[in-house]
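This report covers backbone outliers, cysteines and the overall build of one chain. Please keep the structure open while reading.

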Amino acid sequence: MLQGTVSIEGQADDLVAGDLTRHGLNLTVAEARRITELLGRDPTVVELTIFNTMWSEHCSYKSSRKILRELLPTDAPNVVLGPGEDAGIVRFAEAEDGDWYCFVIAHESHNHPSQVLPVEGAATGIGGIVRDVYCMGADVVGVLDPLRFGDPAGPSGPQVISIARGVVEGIAQYGNALGVPNLGGDIVFDGGYDENCLVNVVAVGVVKESQILRSRVPPQAEDTPYRLILVGKPTDDSGFGGAAFASEDLAGEEEANRGAVQVPDPFLKRVLTEANKRVLELARRRGATIGFKDLGAGGISCVTSEMAHAGGFGVRIDLDRVNLAPGHFPPAVISCSETQERYCLAVPGEIVDEVLAIYNDDFELPHLYHGAGAFVIGEVTRETNYRIESKGEVVCDAPVDVITTGISYERARQPRRLLFEEPELDPGRSLHDDFLAMLASPNLASKNYVYKRYDSEVQGRAVLRPGEADAGVIAPLPGRSVGLAFSVDGNPFYGVIDPYQGGALAVCEAARNVAAVGAVPATITDCLNYGNPEVEEVFWEFAEGVRGIGDACRGIGLITHEGSPIPVVSGNVSFYNQGESGKAIPPSPIIACVGIVEDYSKCRSIRWKDEGDTLYLIGEPLDELGGSEYYRTIYRTFGANVPQADFIRQRRLIKAVVEMHSLGWVLACHDVGQGGLLTTLAEMAMGGGGGELGFTLELGEIPSGLPPEKFLFSESGAFVLELPPGLEREVLALCTRNGVKLYKLGSLVSHPRLEVLSGGSRCAVWGLDELERAFLGGCRGIFGLGEV
């Protein structure tokens, strides 16, 4: 007899809706009736709560799944594991024993929790993403954090600043305490995020291919009894309903949403990480295959049902065996709460006692944290049913595939009709003053107040740190020259004008950034942040953004495997990013790219190195300033001519720059993107502070056909490189062979200033000291007044 049944069948819609509301569920009446059809009976409260989580957008991808499958390339020769489990896995270096080293990457969002409780929301976002990588058997080697906040100077400015500071504090507290370096990130400010910030998180790990774990019950469970072990903090009601909370609009009732935010504990996570390693060593030593998955959205019910379904088995769970925090928690809460710092292991019966002893005795979890530990909470069954018992009563009994398969919606799409126009440029404006204003704007200004809060040196793998180059670079394998480069990118202002270009250009920018340090783009992940998918224009924006990402991955392709796309191996869709006003955030696809560099000793920062070296521009500024920093900061408009993603040109540029790095020519490199060519030159001159070299740019010697402002601030993708003198013929031959345009800009001088001339006449000149004042001051009031 099932306990706690809710009457659905034969009840009027208003009564069903009332019952759903009374139980705190977001299911629609139609979905509740569909559950009744699938089960062949009325569901229990626990079952409805499980479906409420598993059928949420966050877990089921019910609006996006079909489009993702149709448009994104997920396979390539370097891919070990694509989307579908907790993280994607890609080979990057052959091991001495014939095995392969792989990097493991996961990409998620923690947007709504971070808007409500910024410190806790951001910290638990980092906590969840590193668990995703750990449970694939990998050592986590770094995290990245692309962030989007509201307008700090707008009507919600004080709240925006408070949220921004809280998010950074949460990321720093968790990542630093855990001992995981921050490898990079980016930050965008815009009034479109006033009611709904974006906190996207990426984690990366390294594992040998032969030691990869899967998030499923192993096939050996067909012949050997397997038990399910819950490890970590005692279960409480924190995070209960978190997945559903992430799948609805943000309401103004902040207090009502606080319970859906989890509570982090990085110190316990660190101990669990070491204990997990010991368990994996035991399993390898005993020749035992185990399943391993972190508890995130949906808690116990989600992790155990997904592990069972992925392996082709069923499970039987006894909630009376679950370690609980003090208090009274009904079965639905125990089953579905999202208490942090927990894992689930599927373990063969013969090593269960040894596994429990490692956690409870060797690492003394019960003494480290009251109520923590490792406990057997269930068993694997050959019958593919999902059964939960509580106090001798059955509270859930359903086919496991019914629970995990989810539902799917065909959402309507309608192109958004907005009119954009190019501004009329004012020739009387001061280039000197305008550029200082741009450098001091929050979106261009230095983010050193953020990344200096993070520990980038821990683990001792850092080659290039945040702020030093377009991509962070680490040396992941001691004694080996191979390096990994990481970048995260996504310009929402392009997507406002053209959602397709917003997706495509995010891939182009991320790929260029890893190429700027000499790395070959190997894979991307995506976090797709949009508004309500039930709004036709919003869903059109989403579909166009995904189409742009897919086209860019195929159009640029893997440089190392002709004809293969850059694979998308992990990602996340975050819908319902809007607040009480109902206004959706700008279309915000955010891309993380990982590149592989054969010899990290050849990676270079953006900082200029020596007087007399030559600067080259590879690529071509075009009349494409739509969404640019120049238009938005100086003319307070978006413009219309958004950059057009030319995938063939981008591929050729990337190949040429990577080849120059491999030849050892490159002394400094910076991609031309946000802020245009003049911003690129200024950032290279400042080089993170204390720059001592200068440069004069003579526009009259560059046949662009563009007005000076458009040439200087166009955001068409390109590169500026510092190379030794005397290589002009070799550089020209390489660029000709690769089919890319090359412009020799001139030589570096010892005077610390940046100057722009046109036909010999001075347009503007800046001392590096005044550039640095503007650049370093732009975000000081947002992230704190203290010098870093």
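## Two residues with positive phi

Glu-364 sits in the loop that joins α14 (352-362) to α15 (365-368). This is a predicted model, and in it the phi of Glu-364 is positive, near 50 degrees, although the residue is other than glycine. Most residues other than glycine have a negative phi. Glu-364 is partly exposed, with a relative accessible area of 44%.

Glu-341 also has a positive phi, about 60 degrees, and is not a glycine. The loop that holds Glu-341 runs between α13 (331-336) and β12 (342-348). Is Glu-341 buried or exposed? Glu-341 is buried, since its relative accessible area is 0% and the cut-off for buried is under 20%.

## Cysteines

How many disulfides does a search of the whole structure find? The search gives zero. Cys-508, for one, is in no disulfide: the nearest cysteine sulfur belongs to Cys-553 and is 9.3 Å away. A disulfide requires two cysteine sulfur atoms within 2.5 Å, so the distance of 9.3 Å from Cys-508 to the sulfur of Cys-553 does not qualify. Cys-508 is buried, at a relative accessible area of 1%.

Cys-735 is likewise in no disulfide, and the nearest cysteine sulfur, in Cys-669, is 11 Å away. The relative accessible area of Cys-735 is 1%, which makes this residue buried.

## Fold and dimensions

The chain contains 28 helices and 28 strands. Its C-alpha trace spans about 90 × 60 × 50 Å along the principal axes. What radius of gyration would a compact globule of 788 residues have? The expected value is near 28 Å, and the chain, with 27 Å, agrees with it.

Of the 788 residues, 63% count as buried. Contacts between residues at least 6 apart in sequence join residues at least 24 apart in 83% of cases.

## Surface and charge

The exposed area of the chain is about 28000 Å². Carbon and sulfur atoms supply 48% of that area.

Among the side chains, 66 are positive and 108 are negative. The centres of these two sets lie 3 Å apart.

Note on methods
Residues are numbered from 1 along each chain as its sequence is written. This is a predicted model: local features need pLDDT of at least 70, side-chain atom pairs count only at pLDDT 80 or more; totals for chains, interfaces and linings use all residues. Side-chain values use heavy atoms; hydrogens and water are left out. Helices (H or I, at least four residues) and strands (E, at least two) are DSSP runs, numbered from the N terminus. The radius of gyration is taken over C-alpha atoms; the globule rule is 2.2 Å times the number of residues to the power 0.38. Buried means under 20% relative accessible area, exposed over 50%, partly exposed in between (1.4 Å probe, protein chains only). Contact means heavy atoms within 4.5 Å. Accessible areas come from the Shrake-Rupley method with a 1.4 Å probe; for residues, only the protein chains shown count as cover. Lys and Arg count as positive and Asp and Glu as negative; His and the chain ends are not counted. The place of a charge is taken as NZ of Lys, CZ of Arg, CG of Asp or CD of Glu.
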